[in-house]
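Student: I would like to take a close look at a single part of this model, and I would be glad of one connected account rather than scattered remarks.

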Amino acid sequence: MGILRKRMNVVAVLSVFFLLGWFRSAALCGALDGFAGLEGTIGIAGGTAHIPVMNDAAKAIMTFNPKIRITVEGGGSGVGVQKVGEGLVDIGNTGRAVSQEEIAKYGLKSFPFALDGVAVAVHPDNPVDNLSQQQVRDIFAGSITNWKDVGGKDGSIHLFCRDEASGTREVFWEKLLKKGPVAGTANIVSSNGAMKMAISRDKDAVGYVGIGHVDQSLKAVKIESVAATQENASNGSYPVVRKLYMNTKGEPARLTKAFIDYILGPEGSEIIRRHGYIPLE
Amino acid sequence: MGANRAGLISERGIQRSLLIVTGISAVAILFMLALLVYFCLPLITSDGMSAVLSWEWKPFSGHFGILPMCLVSLLLSVFALGLAFPAAIGICGFVTVLAPRGLARFFLILIHFMTSIPTVIYGFVSVFLLVPLVRDRLGIGTGFSFLTAGLTLSLLILPTIVLIFHARLQQIAPSLRLTAEAMGLTPARQFLHVLIPASSRGLIVAAVMGFGRAVGDTLISLMVAGNAPQIPSSLFDSVRTLTAHVALVVATDSQSLSYRSIFASGLILFLLMGGANFLIRRLDDGIGKDRHEEEP
């Protein structure tokens, strides 16, 4: 009897899995239906933070309809504006709002699709869990060098920053450090993953990671008593965020419009979340 | 006669194909140099070269100097060589004259194996073992430092030096050792007073090769040196090498001076390695034709 019940449970669990899988793939097919019968190419260039999201969307679309070719290039926000403005690509990505001059010059139309937030992170055992903006600036400028000066244990602060090309660094530097100085002695790591590894293994470390990368291996510090969470980032109370935009020159053509709708739709949101960003409503 | 002729033709075919392959390699290298110079041209013409050849790297306040990285690349390689070179001589002495045959063979196999370990493994192990050790035991800095990178690099270049030097010893040892043995020298004295002086050129070549490997390595310094673009004032400071600099900056906006600075870095690295190779040729003409490695 017991064995039978157990077996029944297994069957139930398995069928739930299968049903879920079936619904999932059905839902995905529905989202991609907009691409049925279309063909052509979409050229995408610009912001590097966008690339993983664009690549995943492109892969799904091109698998669904091989007649559509999508190319994704980086280059940075400035390049994104130039290329879409000059008609070299269909979508120019930027990690900032395009300026009035750029809109006037090229007639750009912007589609914000995600929020990218950055959290100040320390080792989970670090007792410090709240810092003022000024304290963060002083720590990264190298003028506060001991944790006990900001309410922690006695121990020199180990600074970890990101490389020059990092969008995470750019947001952090502009929105939280207000473009202030960064100590030249700071260690520099080249990815969010490397940052996590460095901080999780050094109890005196401080650095910053994209909010989507925060997990139990490190602790996100509150800034002015506001926790660095996806909720606070999307409701505007956590300030260290930027929007990620897709931009087109004038109204997008049909295929490009379908791509943008896919990114803004539920599957796009799924991809955006998977890469640590927050989809916009 | 016919078979001979066919053999001659096939030999000529081999010669030709080897010539073509060699030619392609040579052209590729010259092409790389030309390309680097070409990419550096905008720097030279726009007066960017003086900005790049300065002592401060703060790209967001307009300083693009890569000289600290050049200095660190040199210092770090010298440091690694300073550790690995004596160790390599010791190992070579041990396996050549002191160790029993079986043990020597075992060590040589081990050293050969070391050369086949990918640098990323050295880097990874160093991040997990050496970095915490330097940080917690010595208690200075973050552990990502000149010292950590230097120690890891010395381990990386050790087998290169050992194998080159050992190959040289293998060529000269048999006849020399017989004579030295006849004169009553102990194995250690044979090594110190006969073999080392007789193979001094091989030693220099081995050192230069090891140095070149240390200068050229990217991943280890990127993973464990800390990458702060500063002139180190102690062994525990975080530093950035030229190679790591290129790796870190290559993804930036291609219009910026930051991006162009990596071509200057590339050119400097290329010239540095070219210089090291030139030195080898000067110090040891003809080593290319009689170098061969043997197991004891």
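Student: What percentage of the 296 residues in chain B is made up of buried residues? Please start from there, and then go on to the surroundings of one buried residue and to the contact with chain A.

Tutor: Bearing in mind that this is a predicted model, buried residues account for 42% of the 296 residues in chain B. The chain is built from 12 helices and two strands, and along the sequence these follow the pattern α-α-β-β-α-α-α-α-α-α-α-α-α-α. Along the principal axes, the C-alpha atoms of chain B occupy a box of roughly 70 × 65 × 30 Å, and the chain exposes about 15,100 Å², with carbon and sulfur atoms supplying 70% of that area. If one takes the contacts in chain B between residues at least 6 apart in sequence, 71% of them join residues at least 24 apart.

Leu147(B) lets us look at one buried position in detail. This residue lies in helix 6 of chain B, which spans residues 146-182, and Leu147(B) counts as buried because its relative accessibility is 12%, where the cut-off for buried is under 20%. Once the neighbours within four places in sequence are left aside, Leu147(B) is in contact with Phe79(B), Val134(B), Leu138(B), Leu235(B) and Phe236(B). A further pairing concerns Asp237(B), which is 90 residues from Leu147(B) in sequence, while the C-alpha atoms of the two are 8.1 Å apart in space.

Turning to the contact between the chains, 19 residues come from chain A and 22 residues from chain B. The area buried between chain A and chain B is about 1,900 Å², and carbon and sulfur atoms give 60% of it. On the side of chain A, Glu164(A), Ile188(A) and Arg201(A) supply 33% of the area that this chain buries against chain B, which is more than any other three residues.

The rule finds two salt bridges across this interface, one of them between Arg240(B) and Glu164(A), whose closest N and O atoms are 3.4 Å apart. Nine residue pairs in polar contact are also found between chain A and chain B, with both residues at pLDDT 80 or more. The elements of chain A that give two or more residues to the side touching chain B are strand 6 (158-162), helix 6 (167-176), strand 7 (187-189) and helix 7 (192-200). By class, that side of chain A has eight nonpolar, six polar and five charged residues.

Conventions. Residues numbered from 1 in each chain as written. Chains lettered and ligands numbered in written order. Predicted model: local features only at pLDDT ≥ 70, side-chain atom pairs only at ≥ 80, totals over all residues. Heavy atoms only, no water. Contact = heavy atoms within 4.5 Å. Buried area = accessible area lost by both parts, 1.4 Å probe. Salt bridge = Lys/Arg side-chain N within 4 Å of Asp/Glu carboxyl O. Polar contact = N/O pair within 3.5 Å; in protein donor to acceptor, adjacent residues only side chain to side chain. Helix = DSSP H or I, 4+ residues; strand = E, 2+ residues; numbered from the N terminus. Nonpolar A, V, L, I, M, F, W, Y, C, P; charged D, E, K, R; others polar. Buried < 20%, exposed > 50% of the residue type's maximum accessible area, 1.4 Å probe, protein only. Areas by Shrake-Rupley, 256 points an atom, 1.4 Å probe, with all protein chains shown as cover.
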